[in-house]
Amino acid sequence: MNHRTIYAIIIAAFFIIACAIHFFGPYNIFSAISAGNLAGNDEIKEQLDGEIQAIK
């Protein structure tokens, strides 16, 4: 096998594992990094000095 085939297999395996963790795991990373959830994060509020006006 050449290097491209090996890289393609590794990338596909990583993608399948990431999807499996997302769908079957208890933690949903896509909802955790949404804008609304980030605005409620205390560390981010502290860094912005509470100057969050609106989130679209």
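**Exercise 1.** Decide whether E46 is buried or exposed, and place E46 in its helix and its patch.

*Solution.* Start with the cut-offs: buried means under 20% relative accessible area, exposed over 50%, and partly exposed in between (1.4 Å probe, protein chains only). E46 has 64% relative accessibility, so E46 counts as exposed. Next, find the helix: E46 sits in α4, residues 42-47. Helices here are DSSP runs of H or I with at least four residues, strands are E runs of at least two, and both are numbered from the N terminus. Finally, look at the surface: D42, E43, E46 and D49 form a negative patch. Patches take residues with over 30% relative accessible area and no salt bridge, joining like charges within 9 Å and nonpolar side chains (Val, Leu, Ile, Met, Phe, Trp, Tyr) within 5 Å. A salt bridge is a Lys or Arg side-chain nitrogen within 4 Å of an Asp or Glu carboxyl oxygen.

Two notes before going on. This is a predicted model, in which local features need pLDDT of at least 70, side-chain atom pairs count only at pLDDT 80 or more, and totals for chains, interfaces and linings use all residues. Residues are numbered from 1 along each chain as its sequence is written, and side-chain values use heavy atoms, leaving out hydrogens and water.

**Exercise 2.** Describe Y7 and the helix that holds Y7.

*Solution.* Y7 belongs to α1, residues 3-24. With 53% relative accessibility, Y7 counts as exposed. Y7 also joins M1, I6, I9, I10 and I11 in a nonpolar surface patch of about 690 Å² accessible area together (Shrake-Rupley method, 1.4 Å probe). Now take α1 as a whole: of its 22 residues, the number buried is 0, so α1 lies largely in the open.

**Exercise 3.** Summarise the whole protein.

*Solution.* Count the elements: 4 helices and 0 strands. Then check burial: buried residues make up 2% of the 56 residues.

Note on methods
Lys, Arg positive; Asp, Glu negative; His and termini not counted. Charge placed at Lys NZ, Arg CZ, Asp CG, Glu CD.
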